Amino acid sequence: MDKIYYITLLLDFYGELLTCKQKSVMSRYYFDDCSLNEIAEEHSITRQAVQDMIKRTEKLLKQYEDKLLLVDKYLKRREYVEGLLTELDSLIEKGNSELVNIKDLVKNIPD
């Protein structure tokens with residue numbers, strides 16, 4: 001899995017557990033695609049401090065995931081739902097049109 005995608009998922013799931021500064025730095029870096037220098041200027045810290053904070057916060061997010069497994073469960077559930085949709089499409093193509101309603105229900109399973 002792409003590192004950036006994985007970190008953004010971790011931020012989505014565990015971002016509220018971070019300090020305001022950690023959350024701001026990580027959001028600016030991963031979501032807003034700001035450079036280390038831009039973030040350093042905004043927070044009046046050095047570029048090295050920003051880089052260190054990003055590395056420490058990534059490690060912290062991974063520790064949360066190791067204990068709680070929320071992202072892992074989410075990804076497995078999403079993969080399972082995609083498999084169900086593929087199987088339903090296959091059955092619908094074979095003429096089982098009654099499954100269209102079930103497919104719609106599966107599509108609307110909340111993340």
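Modeller: Accessible areas here come from the Shrake-Rupley method with a 1.4 Å probe. The model is predicted.

Biologist: What is the accessible surface of the protein, and what share belongs to carbon and sulfur atoms?

Modeller: The accessible surface comes to about 7700 Å². The share that belongs to carbon and sulfur atoms is 52%.

Biologist: How many helices and how many strands are there in the protein?

Modeller: From the N terminus on, the elements run α-α-α-α-α-α. No β element stands in that order. The count is 6 helices and 0 strands.

Biologist: What is the radius of gyration of the protein, against that of a compact globule?

Modeller: The C-alpha trace spans about 65 × 30 × 20 Å along its principal axes. A compact globule of 111 residues would have a radius of gyration near 13 Å. The protein has 20 Å.

Biologist: What separates the C-alpha atoms of Glu 93 and Gln 48?

Modeller: Glu 93 is in helix 5. At 71% relative accessibility, Glu 93 counts as exposed. Along the chain, Glu 93 and Gln 48 are 45 residues apart. Their C-alpha atoms are separated by 57 Å.

Biologist: What share of the residues of the protein count as buried?

Modeller: Buried means under 20% relative accessible area. Of the 111 residues, the share that counts as buried is 29%.

Biologist: Of the contacts with a separation of 6 or more, what share is between residues 24 or more positions apart?

Modeller: Contact means heavy atoms within 4.5 Å. Take the contacts with a separation of 6 or more. Residues 24 or more positions apart account for 54%.

Biologist: Is Glu 58 buried or exposed?

Modeller: Glu 58 sits in helix 4, residues 47-68. Its relative accessibility is 8%. The limit for buried is under 20%, so the class follows. Glu 58 counts as buried.

Biologist: Which residues does Glu 58 touch, not counting those up to four places away in sequence?

Modeller: Leave out the residues up to four places away in sequence. Glu 58 then touches Lys 3, Ile 7, Met 26 and Tyr 30.

Biologist: Which side chain meets that of Glu 58 in a salt bridge?

Modeller: A salt bridge needs a side-chain nitrogen of Lys or Arg within 4 Å of a carboxyl oxygen of Asp or Glu. Here the N to O distance is 3.5 Å. The partner of Glu 58 is Lys 3.

Biologist: How many residues apart in sequence are the parts that this pair ties together?

Modeller: Glu 58 lies in helix 4 and Lys 3 in helix 1 (residues 3-14), so the pair ties together parts far along the chain from each other, by 55 residues. Lys 3 is partly exposed at 47% relative accessible area, while Glu 58 is buried at 8%. The sequence separation is 55 residues.

Biologist: How many salt bridges does the structure hold?

Modeller: One of them joins the side chains of Lys 23 and Glu 16, at 2.4 Å, N to O. Lys 23 is partly exposed at 30%, and Glu 16 is exposed at 66%. The structure holds 7 salt bridges.

Biologist: Which residues are linked with Arg 28 in a network of salt bridges?

Modeller: This is a network and has three members. Arg 28 is linked with Asp 32 and Glu 42.

Biologist: What separates Asp 72 and Lys 76 in helix 5?

Modeller: Their side chains meet in a salt bridge of 3.2 Å, N to O. Asp 72 is partly exposed at 29%, and Lys 76 is exposed at 52%. Both lie in helix 5 (residues 70-93), 4 residues apart, so the separation is about one helical turn.

Biologist: How far apart are the mean positions of the positive and negative charges?

Modeller: The protein has 17 positive and 21 negative charges. The mean positions of the two sets are apart by 7 Å.

Biologist: What phi does Ser 44 have?

Modeller: Most residues other than glycine have a negative phi. Ser 44 lies in the loop between helix 3 (36-43) and helix 4, and is exposed at 66%. Ser 44 is not a glycine, yet its phi is positive, about 55°.

Biologist: Where is Leu 69, which has a positive phi although it is not a glycine?

Modeller: The phi of Leu 69 is about 55°. Leu 69 is partly exposed, at 36%. Its place is in the loop between helix 4 and helix 5.

Key:
Residues numbered from 1 in each chain as written. Predicted model: local features only at pLDDT ≥ 70, side-chain atom pairs only at ≥ 80, totals over all residues. Heavy atoms only, no water. Helix = DSSP H or I, 4+ residues; strand = E, 2+ residues; numbered from the N terminus. Buried < 20%, exposed > 50% of the residue type's maximum accessible area, 1.4 Å probe, protein only. Rg over C-alpha atoms; globule rule 2.2 N^0.38 Å. Lys, Arg positive; Asp, Glu negative; His and termini not counted. Charge placed at Lys NZ, Arg CZ, Asp CG, Glu CD.
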